[in-house]
Amino acid sequence: MTTDNLTSTDILKTAEALRWQIGRDFHDRLMEDIYTDAARLADRAVTRPDEKPRFDLDRTIDRIVTSRTWGFPLMILLFTIVFWITIVGANYPSQFLSSILIDKGVPFLHGIANAIGLPTWLSGFVINGMYLATAWVVSVMLPPMAIFFPLFTLLEDFGYLPRVAFNLDNIFHKSGAHGKQALSMMMGFGCNAAGVVATRVIDSPRERLIAIITNNFALCNGRWPTQILIATVFIGGLVPAYLAGIISALAVVGIAMLGVVLSFVVSWSLSRTVLRGEVSTFSLELPPYRPPQVLRTIYTSLIDRTIYVLWRAIVFALPAGAAIWLIANITIGGTSLAEYLVNFLNPLGILIGLNGVILLAYVVAIPANEIVIPTVLMLTVLMTGVNAGAGAGVMFNAQSTSDYMSLFTAGGWTLLTAVNLMLFSLIHNPCSTTIYTIYKETGDKKWTAVAALLPLAMGFIVTFFVAQIWRLFAG
Amino acid sequence: MPDPLMALSVAAGLLALTAVFLWPERGIWARWQHTRHINERVQSEDALKHIYKCEMKGRRPTLESIAGVIHANLDNTAELLSDMESNKLVSILDGEIHLTPAGREAALHIIRAHRLWERYLAEETGFEEAEWHGRAERLEHALTPAQVDELANQLGNPAYDPHGDPIPTATGQLVSHGGQPLTKLPLDTPGRIVHLEDEPAIVYAQLVAEGLYPDMPVRIIEISDERVRFWANGDEHLLAPMLAANISVVAEPVTAQEIEEPLSPDNDTLNRLPIGQVAEVVGIANRCRGAERRRFMDLGILPGTQIRAEMRSPSGDPTAYIIRDALIALRQEQANMIHIRLPQPEGQR
């Protein structure tokens with residue numbers, strides 16, 4: 001056959017016949033050959049120094065941080081230091097911000113509002129509602145994050161964090177996850193929204209989704225204060241005074257550990273059910289160590305993480321503050337909206353060992369976990385009429401442990417309420433900032449819904465069973 | 001407040017009910033979804049496929065064999081066949097069932113949809129090998145010819161499914177893999193796997209568990225009525241002849257399309273490389289596909305690349321390797337898919 005009398009059908013026929021002769025997977029072969037050729041060209045063109053330096057600093061560090069003896073103790077030590085610096089260091093700026101923004105700021109703003117003759121309902125709505133909630137979130141959230149994120153970024157910049165993933169990968173592998181989930185989880189202890197963003201380092205789609213969905217089980221900065229407060233007031237009160245500190249600390253650490261265990265369990269079941277069909281690959285680059293660029297690191301971590309998270313939180317806290325003020329101050333027939341809602345939620349709350357006040361606080365505090373306790377206190381005052389602090393309809397924090405205790409007792413709280421509040425604080429839907437971040441990161445409504453509703457359902461189930469078994473035995 | 005015991009039992013009951021209803025694969029919802037698809041059309045398509053496969057293998061399809069494939073009793077099957085006959089999909093002459101041209105076309109469409117979907121599952125998803133067939137079995141009935149063509153386009157018009165079965169073209173062309181059962185391969189003759197039979201699923205799962213894959217070189221060491229012992233890809237395998245017959249092989253060399261260095265039994269895999277030693281990559285195993293394979297190539301794991309095992313995680317896995325001056329950690333199961341050769345002493349460059 002010559003080229004002249006070839007028709008298109010002939011060509012197609014020939015192609016069809018040849019197709020079976022070129023062997024299977026020829027696309028792969030072709031790709032492999034192209035890559036191999038490229039590599040060969042590069043090898044010919046690039047010259048490398050012949051002798052490797054006798055002392056290789058990177059390998060020496062690696063041998064220590066990944067050694068069987070020193071790998072894990074070193075890791076625990078480093079992270080303990082990071083958390084310790086964060087907790088101790090954040091205390092002072094937090095108190096400072098709170099005294100400036102809340103103790104001084106609120107009366108100051110009220111003064112201005114009175115001077116220009118704003119109606120009380122408007123100044124209440126803007127100052128006691130929107131401003132107060134935002135100021136609260138900022139003063140609780142900003143200092144720990146401004147310390148934790150730069151420290152974490154320094155470790156990352158130095159090159160240590162990938163080694164942590166390398167050390168821990170086996171445990172995560174067994175639950176169907178990626179070793180780098182250790183890093184996003186650690187970041188989640190600071191802020192779940194930042195933790196979700198941090199899962200970008202995981203390049204395998206399935207493992208990344210697992211890390212995103214389970215990040216909520218890392219007890220975030222906004223929930224630590226709740227845990228510490230409830231543990232101090234209720235758990236610490238169970239034992240003699242000299243043991244109170246250590247026991248309540250252990251209770252909080254126990255909750256955080258439970259979160260880690262849950263994230264493994266949920267990872268395991270997700271990878272075997274709904275996420276089974278997602279593509280999974282693994283590779284972990286251990287980059288060379290670099291001296292950390294301290295100033296640049298602090299700058300970028302402030303911009304990328306702290307400010308980003310803070311801005312989102314403010315955007316969500318403003319309307320939350322408004323909503324909280326509105327439900328507490330709008331009355332229908334002499335009863336506030338909050339009272340109707342609390343009474344409506346009470347049966348469900350009691351059933352799972354909590355109460356209507358706590359459930360309503362969790363509904364309105366979806367934007368930020370930081371304002372759960374102030375909202376709970378405000379609602380308790382509203383419901384019981386106990387006179388404490390700032391008065392009805394305004395969020396506040398009590399002054400001392402005994403103040404808290406008397407308020408909670410007035411609200412009808414028991415040890416069961418405290419335990420279940422700690423559990424529910426760990427296992428419930430992520431805050432709206434995190435949910436929004438999950439949606440941005442996955443670009444998928446389905447996975448966002450799973451990430452939001454799965455922990456919520458788990459929270460209801462866990463608290464329900466704890467409450468019922470508790471009542472069965474404690475009578 | 002409800003009685004705790006009462007509440008507990010109600011909740012436990014509800015949870016159990018939810019589990020029974022929603023349990024993946026075996027729950028009521030999943031089963032309902034499954035049976036919803038088994039209607040007359042699906043049955044007739046399955047019957048067509050069966051008759052086609054029988055014709056290809058030179059066997060005669062019977063009423064009983066068709067009834068077995070479509071999970072129906074003989075009366076219903078006979079009724080289905082007479083419907084198919086009136087739709088001109090099959091012709092029944094003297095009790096012999098044959099496909100009409102229209103029936104053959106329909107059967108090829110189903111087979112094409114099935115094999116393309118298996119290919120898709122292998123390349124683009126993370127489902128396990130043993131799941132491919134079952135999922136394709138369900139989806140083959142749902143795809144229209146236009147969707148199948150689009151799928152083929154997206155996958156780059158592959159010629160073979162991951163089990164080594166040829167995928168019929170849109171015009172209905174199909175060649176046989178031309179292999180013979182492994183049990184017929186003469187002793188010590190090098191051969192190559194061209195096909196693994198994916199039905200029944202239990203047998204296929206066993207073959208997959210042995211790590212066998214199309215394109216793998218094999219050589220029989222010993223064969224008797226009780227067992228077949230053979231080399232495949234660096235490992236010795238032992239199978240019952242009944243299982244081994246589900247592996248189709250051709251005697252090497254078959255075509256000119258050989259890779260430069262076929263993966264021979266002398267090769268080792270990267271996971272066996274001791275720490276501190278250097279080896280040269282021979283190739284990536286064929287069962288490593290899709291995203292995973294591309295990732296390896298992106299990392300520069302190509303024939304000829306020098307890899308050095310550097311250190312092992314304190315928890316035992318993964319292991320870090322120096323690949324093209326970068327330190328990359330790979331898990332045991334991944335390193336197992338990279339074939340290496342320890343360099344010869346004089347092979348120093």
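Biologist: In this predicted model, what kind of crossing does α5(A) make as it passes α7(A)?

Modeller: The crossing is right-handed. The axes of α5(A) and α7(A), which covers residues 181–190 of chain A, come within 9 Å.

Biologist: Why are α5(A) and α7(A) called roughly antiparallel?

Modeller: Their axes cross at roughly 160°. Angles over 145 degrees count as roughly antiparallel, and therefore this pair of helices, α5(A) and α7(A), earns that name.

Biologist: Which residues of α5(A) and α7(A) meet?

Modeller: From α5(A) come A:M145, A:F148, A:F149 and A:F152. They meet A:L183, A:M186, A:M187 and A:G190 of α7(A).

Biologist: Let's move on to the cores. Which helix gives the most to the largest nonpolar core, and which residues have the most contacts inside that core?

Modeller: The largest nonpolar core has 111 residues, and A:I230, A:I371 and A:F408 have the most contacts inside it. Helix α5 of chain A, residues 120–158, gives the most to this core, with 12 residues. Another core, of 35 residues, lies apart from it and includes B:V148 and B:Y213.

Biologist: What does A:I230 touch, leaving out residues up to four places away in sequence?

Modeller: A:I230 touches A:I235, A:I373, A:F408, A:W413, A:A418, A:L421 and A:M422. As a general point, nonpolar side chains tend to be buried together in soluble globular proteins.

Biologist: How do you know whether B:T319 is buried or exposed?

Modeller: Compare its value with the cut-off. B:T319 has a relative accessible area of 5%, and buried means under 20%, so B:T319 is buried. You will find B:T319 in strand β12 of chain B, residues 319–323.

Biologist: What makes the link between the side chains of B:T319 and B:R312 a polar contact?

Modeller: The distance is one part of the test: these side chains, of B:T319 and B:R312, are joined at 3.0 Å, and the limit is 3.5 Å between N or O atoms. Beyond its neighbours in sequence up to four places away, B:T319 also touches residues including A:F166 from chain A and B:I275 from chain B.

Biologist: And why does A:R59 count as buried?

Modeller: The reasoning follows the same cut-off. A:R59 has 13% relative accessibility; buried means under 20%, so A:R59 counts as buried. A:R59 sits in helix α3 of chain A, residues 57–65. Leaving aside neighbours within four places in sequence, A:R59 is in contact with A:R163, B:E310, B:I322 and B:L327.

How values were computed
Residues numbered from 1 in each chain as written. Chains lettered and ligands numbered in written order. Predicted model: local features only at pLDDT ≥ 70, side-chain atom pairs only at ≥ 80, totals over all residues. Heavy atoms only, no water. Core = buried A, V, L, I, M, F, W, Y, C linked by side-chain atoms within 4.5 Å. Buried < 20%, exposed > 50% of the residue type's maximum accessible area, 1.4 Å probe, protein only. Helix = DSSP H or I, 4+ residues; strand = E, 2+ residues; numbered from the N terminus. Contact = heavy atoms within 4.5 Å. Polar contact = N/O pair within 3.5 Å; in protein donor to acceptor, adjacent residues only side chain to side chain. Axes fitted to C-alpha atoms, helices over the stretch in contact; angles between N-to-C directions. Parallel < 35°, antiparallel > 145°, perpendicular 65-115°, else oblique. Left-handed = near helix turned anticlockwise from the far one by under 90°.
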